[in-house]
Amino acid sequence: MAENHPKLPYTAAFLLTLFSLISSFAAVEPNTFSRHLSPSSLGLKKQEKLSHLHFYFHDIVTGENATAVRVAKAKTTTETSPFGAVVVIDDPLTVSPDIGSKMVGKAQGIYALTSKTEASLLMAYNFAFMEGKYNGSSLSVMGRNPVFSAVREMPVIGGSGAFRFARGYAEVRTHAFDLKTGNAVVEYNVYVFHY
């Protein structure tokens, strides 16, 4: 007949806990993939700021000084159905709709025509700033841009320099679009949290 040992469940629980801890420590390697950091170790002691940036994006697709160049297309891409085209951009950002106004940076990246039924782009690009307190800093934007909608929003997903750890959104409106050339001037209001 088996004896009843009241201390046995406690002993088993203790040994199980001890075994778990030993297993945990044995699994820790000195060259780990990730670790926890204090935000202050990266200089993030300051309170976050919300900034509003306003500028104009000049997408020039024709002429000798084109700033947007198609680099790929699908076999089915045509003038009337541009679905599948991929464009690389180095578009100037200016303080007013006039391309001759002060340039504050460039939009550099790509966009792809991603809809068969409407003029909609997937845009992935950086605003590389070259002026004022944001000189040398950048913001990264990636999102859907249905170009014929009056107002579009695209997320700001990060940044560098003054915009390290940035997050926010860009509110976009077409200021001018030339149907003959395809060139466009687009107004941007960017709202971004940063340190």
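Analyst: A residue is called buried when its relative accessible area is under 20% and exposed when that area is over 50%, with partly exposed covering what lies in between. The values discussed here were computed from a predicted model.

User: Why does Lys-106 count as partly exposed?

Analyst: Lys-106 has a relative accessibility of 22%, and because this value falls between the limits of 20% and 50%, partly exposed is the term that applies. Its partner Asp-90, with 30%, is partly exposed by the same reasoning.

User: What makes the pair of Asp-90 and Lys-106 a salt bridge?

Analyst: The closest N and O atoms of Asp-90 and Lys-106 are 3.3 Å apart, and since a salt bridge asks for a side-chain nitrogen of Lys or Arg within 4 Å of a carboxyl oxygen of Asp or Glu, the pair qualifies. The bridge links distant parts of the chain, with Asp-90 in strand β3 and Lys-106 in strand β4 (residues 103–113), 16 residues apart in sequence.

User: Why are Glu-118 and Arg-144 said to meet in a salt bridge?

Analyst: The N to O distance between the side chains of Glu-118 and Arg-144 is 2.4 Å, which is within the 4 Å limit, and therefore the pair counts as a salt bridge. Here Glu-118 belongs to the loop between β4 and β5, whereas Arg-144 belongs to strand β6, 26 residues apart. Glu-118, at 39%, is partly exposed because that value lies between 20% and 50%, and Arg-144, at 46%, is partly exposed for the same reason. In total, the count comes to five salt bridges.

User: How do you know that Thr-94 is buried?

Analyst: Thr-94 lies in strand β3 (residues 86–94), and its relative accessibility of 1% is under 20%, so the residue counts as buried. The side chain of Thr-94 also reaches the backbone oxygen of Ser-96 at 2.6 Å. Beyond its neighbours within four places in sequence, Thr-94 is in contact with residues including Phe-55, His-58 and Val-104.

User: Is His-58 buried or exposed?

Analyst: His-58, in strand β1 (residues 49–59), has a relative accessibility of 3%, which is under 20%, so the residue is buried.

User: What makes the link between His-194 and Ser-51 a polar contact?

Analyst: The side chains of His-194 and Ser-51 are joined at 2.7 Å, a distance within the 3.5 Å allowed for a pair of N or O atoms. His-194 lies in strand β9 (residues 184–194) and is buried, because its relative accessibility of 1% is under 20%.

User: Why is the aromatic pair of Phe-129 and Phe-163 called tilted?

Analyst: A search of the whole structure finds 13 aromatic pairs, one of them formed by Phe-127 and Phe-129, with 6.3 Å centre to centre and 45 degrees between the planes. For Phe-129 and Phe-163 the centres are 5.9 Å apart, within the 6.5 Å limit for a pair. The angle of 55 degrees is neither under 30, as stacked requires, nor over 60, as edge-to-face requires, and therefore the pair is tilted. It links Phe-129 in strand β5 (residues 120–129) with Phe-163 in the loop between β7 (152–160) and β8 (167–177), 34 residues apart. Both Phe-129 and Phe-163 are buried.

Definitions and conventions: Residues numbered from 1 in each chain as written. Predicted model: local features only at pLDDT ≥ 70, side-chain atom pairs only at ≥ 80, totals over all residues. Heavy atoms only, no water. Helix = DSSP H or I, 4+ residues; strand = E, 2+ residues; numbered from the N terminus. Buried < 20%, exposed > 50% of the residue type's maximum accessible area, 1.4 Å probe, protein only. Polar contact = N/O pair within 3.5 Å; in protein donor to acceptor, adjacent residues only side chain to side chain. Contact = heavy atoms within 4.5 Å. Phe/Tyr/Trp six-rings, centres within 6.5 Å; stacked < 30°, edge-to-face > 60°.
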